[in-house]
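Here are a few exercises to work through with the model open in front of you. Try each task before you read its solution.

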Amino acid sequence: MDMTTPVSSQVISDFFRLGRLRLFARILMALRGLYIISILTPRDFGEYTIWLLFVFYFQFLDFGTLYSLERDISHFKGEQNTQSLKHVMDIGWSSFFLLILIASFALGILTFFIFDNLVTALLLGFHLLTDKLYRAYDCFSRTQFKYRWNGIGELILAATS
């Protein structure tokens, strides 16, 4: 932030930029939804819903690491305890990324064995991975007070989903 820019105008500028990006991301998601509804047959739509259930349940394989990270990073930043902050960030982020990689691979493997379709398995694993990466991006931007990044992350998620 420029030192000559008043804080209130910077906050307003961030809000409107974030709002435009989020609006565009929501429009992309709505278009995706309309595409899904208009193209898929009822049988295909049911199968798609089952795929989403697989993704939903495999999201829990990070065991709440991201929520703990968000809480602990904010806590240690508030205390200005840089040693504990570095320790929590190193272990927390590496654990989170390892867990989401394992969950994405496990989802892909399970999907391949159930549906016997490699493309579907790869796409579901990729979807879970990008969703969790967006959530990590969102958490990091909030703990670093970089709110503009949230809109960019949501746009990336909308494009990859």
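Helices (H or I, at least four residues) and strands (E, at least two) are DSSP runs, numbered from the N terminus. The model is predicted, so to speak of local features we ask for pLDDT of at least 70, and side-chain atom pairs count only at pLDDT 80 or more, while totals for chains, interfaces and linings use all residues. Residues are numbered from 1 along each chain as its sequence is written, and side-chain values use heavy atoms, with hydrogens and water left out.

**Exercise 1. Find the helix that holds Leu-23, and the surface patch that Leu-23 belongs to.**

Step 1: Leu-23 sits in helix H1, which covers residues 7-39.

Step 2: check the exposure. Buried means under 20% relative accessible area, exposed over 50%, and partly exposed in between (1.4 Å probe, protein chains only). Leu-23 has a relative accessible area of 53%, so it is exposed.

Step 3: look for partners. A patch takes residues with over 30% relative accessible area and no salt bridge, joining like charges within 9 Å and nonpolar side chains (Val, Leu, Ile, Met, Phe, Trp, Tyr) within 5 Å. A salt bridge is a side-chain nitrogen of Lys or Arg within 4 Å of a carboxyl oxygen of Asp or Glu. Leu-23 joins Ile-27, Leu-31 and Leu-34 in a nonpolar surface patch, and together they have about 400 Å² of accessible area. Those areas come from the Shrake-Rupley method with a 1.4 Å probe; for residues, only the protein chains shown count as cover.

**Exercise 2. Is Cys-139 buried or exposed, and which residues does Cys-139 touch?**

Step 1: go to helix H5 (residues 118-143), where you'll find Cys-139.

Step 2: its relative accessibility is 0%, so Cys-139 counts as buried.

Step 3: list the contacts, meaning heavy atoms within 4.5 Å. Leaving out residues up to four places away in sequence, Cys-139 touches Leu-66, Glu-70 and Trp-93.

**Exercise 3. Describe how the rings of Phe-56 and Tyr-57 pair, then do the same for Phe-96 and Phe-97.**

Step 1: get the rule. Rings of Phe, Tyr and Trp (its six-membered ring) pair if their centres lie within 6.5 Å; planes under 30 degrees apart count as stacked, over 60 as edge-to-face and the rest as tilted. The structure holds 9 aromatic pairs.

Step 2: the ring centres of Phe-56 and Tyr-57 are 5.1 Å apart and the planes are at 75°, so this pair is edge-to-face. Phe-56 is partly exposed at 40% relative accessibility, and Tyr-57 is exposed at 53%.

Step 3: for Phe-96 and Phe-97, the centres are 5.5 Å apart and the planes at 65°, so that pair is edge-to-face. Phe-96 is buried, at 0%, whereas Phe-97 is partly exposed, at 32%.

Step 4: follow the ring pairs onward, and Trp-93, Phe-96, Phe-97 and Phe-140 link up into a cluster.

**Exercise 4. What parts does the salt bridge between Asp-62 and Lys-132 tie together?**

Step 1: the whole structure has 5 salt bridges. In one of them, the side chains of Asp-62 and Lys-132 meet at 2.8 Å, N to O.

Step 2: Asp-62 lies in the loop between helix H2 (42-58) and helix H3 (65-79), and Lys-132 in helix H5, so the pair ties together parts that are 70 residues apart in sequence.

Step 3: both Asp-62 and Lys-132 are buried.
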